[in-house]
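Student: I am new to this structure and would like a close look at a single part of it. Could you walk me through the helix that feeds the core, and the partners it meets?

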Amino acid sequence: MMSKKNYAKPSQAFARKSPPKKENIETLQTNEIKAMFMTWFKSSRAVEGHVMTKADVIKSVLKKLDSKQDKFFTRAMDELTNEAIIEIQPDGVTLVLTKKGADLL
């Protein structure tokens, strides 16, 4: 009769993990870009109505993005607008911090 060997379960460090879902990566990238905007407002000691110009966007956000993150830039801006954290002015490049956005800082 063959004896059963007790094999210990592999530790979590060696356990096989499934690759992250594509949606999670996209969400992480988008959230990282949103955080860049909020960091700029916070470092500027922004209050409701504080303006972020096109030059500020380029310097503080766009120049920090790599080619893979570029496609998430507009998604991040749309989410910040939809969440009523920022407003985009009619010129399409000037951003204004809302009361809700100022409260989040």
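**Helix H1 and its partners**

Tutor: Happy to! The structure holds 2 aromatic pairs, and both are a good way into this part. Please keep in mind that we are looking at a predicted model.

Take Phe37 and Phe73 to begin with. Their ring centres are 5.9 Å apart and their planes stand at 35°, so this pair is tilted. Phe37 belongs to helix H1 and Phe73 to helix H3, so the two rings tie together parts that are 36 residues apart in sequence. Both Phe37 and Phe73 are buried. The other pair is formed by Trp40 and Phe41, and it is edge-to-face, with 5.1 Å from centre to centre and 75° between the planes. Trp40 and Phe41 are buried too.

Now let us step back to the core. The largest nonpolar core has 20 residues, and Ile33, Phe37, Phe41, Met52, Val61, Phe73 and Leu95 are those with the most contacts inside it. Two or more residues come from each of helix H1 (22-43), helix H3 (70-82) and strand E3 (95-97). Helix H1 gives the most, with 6 residues. As a general background, nonpolar side chains tend to be buried together in soluble globular proteins.

Val61 is a handy place to stand and look around. Leaving aside residues up to four places away in sequence, Val61 touches Ile33, Met36, Phe37, Met52, Asp56 and Phe73. Both members of the tilted pair, Phe37 and Phe73, are thus among the residues that Val61 touches.

Next come the charged side chains. Side chains of opposite charge can pair when their charged atoms come close. The structure holds 5 salt bridges. In one of them, the side chains of Glu26 and Arg75 meet at 3.4 Å, N to O. Glu26 sits in helix H1 and Arg75 in helix H3, so this salt bridge ties together parts that are 49 residues apart in sequence. Glu26 has a relative accessible area of 22%, so it counts as partly exposed. Arg75 is partly exposed as well, at 28%.

Another salt bridge links Lys34 with Glu83, at 3.0 Å from N to O. Lys34 lies in helix H1, while Glu83 lies in the loop between H3 and strand E2 (86-88), so this pair also ties together parts that are 49 residues apart in sequence. Lys34 has a relative accessibility of 12%, so it counts as buried, the cut-off for that being under 20%. Glu83, with a relative accessible area of 31%, is partly exposed.

Arg75 has a further partner: its side chain meets that of Glu79 in a salt bridge of 3.5 Å, N to O. Arg75 and Glu79 are 4 residues apart in helix H3, so about one helical turn separates them. Glu79 is partly exposed, with a relative accessible area of 22%. Through salt bridges that share partners, Glu26, Lys34, Arg75, Glu79 and Glu83 are joined into one network.

To put the picture together: helix H1 gives 6 residues to the core, and it meets helix H3 through the rings of Phe37 and Phe73 and through the salt bridge of Glu26 and Arg75.

Technical notes:
Residues are numbered from 1 along each chain as its sequence is written. This is a predicted model: local features need pLDDT of at least 70, side-chain atom pairs count only at pLDDT 80 or more; totals for chains, interfaces and linings use all residues. Side-chain values use heavy atoms; hydrogens and water are left out. A nonpolar core is a set of buried Ala, Val, Leu, Ile, Met, Phe, Trp, Tyr and Cys residues joined through side-chain atoms within 4.5 Å. Buried means under 20% relative accessible area, exposed over 50%, partly exposed in between (1.4 Å probe, protein chains only). Contact means heavy atoms within 4.5 Å. Rings of Phe, Tyr and Trp (its six-membered ring) pair if their centres lie within 6.5 Å; planes under 30 degrees apart count as stacked, over 60 as edge-to-face and the rest as tilted. A salt bridge is a side-chain nitrogen of Lys or Arg within 4 Å of a carboxyl oxygen of Asp or Glu.
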